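Please walk me through this protein at the level of its side chains. I would like to see how its parts hold on to one another.

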Amino acid sequence: MSRQRDKSGDEKSKPSAYDKALGLLARREHSRRELKLKLRQRGYEGEEAGAALDRLGEQRYQDDDRFAEALVRNRSSQGYGPQRLRAELKSHGLSDARIRELLDAAEIDWTALAAAQLRRRYGSAASADPAERVRRAQFLLRRGFAAATVRNVTHAEVDEAADD
């Protein structure tokens, strides 16, 4: 009977902060800041969480550089622009200099990516309607592309329409 009581919800032992963080990392990469926040939300105190994160870092289970590279690859393949990536990386605690390095190292042609997003969303037909061009530009701006890139891509569409 005592065994049954040990298995009840009241008697279950809470996993260590290290085990909990390792479980989160088993699902996907996390930044150190993100793991720290998740551990705090689950009731782990600062010292225990900090020690767990230090240990995970030493064992290379958690690495902010690896996390950031994966995030840049993932979000750019989803069609997001550099402004969106910069804001997301900043929210995970990366420095501006490191963010610049990551975006430069990714060697992404943002103009081609923006044009591909327009084709995916609106098809290959160019629009001569100014209101439609504004809608398309706003779409790209919301996706995180720079204004100069958006202007370049949307004017390129207008030039293509004039050639027909």
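Which residues are linked with R98 in a network of salt bridges? The network joins D65, E69, R98 and E101. Keep in mind as you look that this is a predicted model.

Let's take one link of that network up close. R98 and E101 form a salt bridge in which the closest N and O atoms are 2.9 Å apart. Both residues belong to helix 7, which covers residues 96-106, and they are three residues apart, about one turn of the helix. That spacing suits a pairing of this kind, because an α-helix has 3.6 residues a turn and residues three or four places apart point the same way. Neither partner is hidden away: R98 is partly exposed, with a relative accessible area of 21%, and E101 is also partly exposed, at 45%.

Now step back for the overall layout. The protein has 10 helices and zero strands, so every element in the order from the N terminus is an α. Of its 164 residues, 34% count as buried. Among contacts with a separation of 6 or more, 59% are made by residues 24 or more positions apart.

Salt bridges turn up elsewhere too, and a search of the whole structure finds 12 of them. One of these brings together the side chains of E88 and R75, at 2.9 Å from N to O. Here E88 comes from helix 6 (residues 82-91) and R75 from helix 5, so the pair ties together parts that are 13 residues apart in sequence. E88 counts as buried, because its relative accessibility is 14% and the cut-off for buried is under 20%.

E88 has a further partner in R84, with 3.8 Å between the closest N and O atoms of this salt bridge. R84 and E88 are four residues apart in helix 6, which separates them by about one helical turn. Unlike E88, which is buried, R84 is partly exposed, with a relative accessible area of 31%. R84 also lies over the face of Y80, at 4.1 Å from the ring centre. A similar arrangement is found at Y18, where the charged end of R55 sits over the ring, 3.7 Å from its centre.

Stay with helix 6 for a moment. Which of its residues are buried? They are P82, L85, E88 and L89. Looking down the helix axis, you find these buried residues within an arc of 130°, so they line one face of helix 6. What they pack against is helix 5, helix 7 and helix 8. After helix 6 comes G93, which has a positive phi, near 90°.

Helix 8 offers a good place to follow that packing from the other side. W110 lies in helix 8 and counts as buried, at 15% relative accessibility. Leaving aside residues up to four places away in sequence, W110 touches S76, Y80, G81, P82, L85, L103, F145 and T149. Two of the residues on this list, P82 and L85, are among the buried residues of helix 6. W110 also has A146 at 8.8 Å in space, C-alpha to C-alpha, with their positions 36 residues apart in sequence.

At its other end, helix 8 takes part in an aromatic pair. A search of the whole structure finds one such pair. The ring centres of Y122 and F139 are 5.8 Å apart and the planes stand at 90°, so the pair is edge-to-face. Because Y122 lies in helix 8 (residues 110-122) and F139 in helix 9 (residues 130-142), the pair ties together parts that are 17 residues apart in sequence. Is each ring buried or partly exposed? Y122 is partly exposed, with a relative accessible area of 25%, whereas F139 is buried, at 3%.

One last stop is a loop. D63 is found between helix 4 (46-58) and helix 5 (64-77). D63 is buried, with a relative accessible area of 13%. The side chain of D63 makes a polar contact with the side chain of R60, at 3.0 Å.

Note on methods
Residues are numbered from 1 along each chain as its sequence is written. This is a predicted model: local features need pLDDT of at least 70, side-chain atom pairs count only at pLDDT 80 or more; totals for chains, interfaces and linings use all residues. Side-chain values use heavy atoms; hydrogens and water are left out. Rings of Phe, Tyr and Trp (its six-membered ring) pair if their centres lie within 6.5 Å; planes under 30 degrees apart count as stacked, over 60 as edge-to-face and the rest as tilted. Helices (H or I, at least four residues) and strands (E, at least two) are DSSP runs, numbered from the N terminus. Buried means under 20% relative accessible area, exposed over 50%, partly exposed in between (1.4 Å probe, protein chains only). A charge sits over a ring if NZ of Lys or CZ of Arg is within 6 Å of the ring centre and within 35 degrees of the ring normal. A polar contact is a pair of N or O atoms within 3.5 Å; within protein, one must be able to donate a hydrogen and the other to accept it, and residues adjacent in sequence count only if both atoms are side-chain atoms. A salt bridge is a side-chain nitrogen of Lys or Arg within 4 Å of a carboxyl oxygen of Asp or Glu. The arc is that of the directions from the helix axis to the C-beta atoms. Contact means heavy atoms within 4.5 Å.
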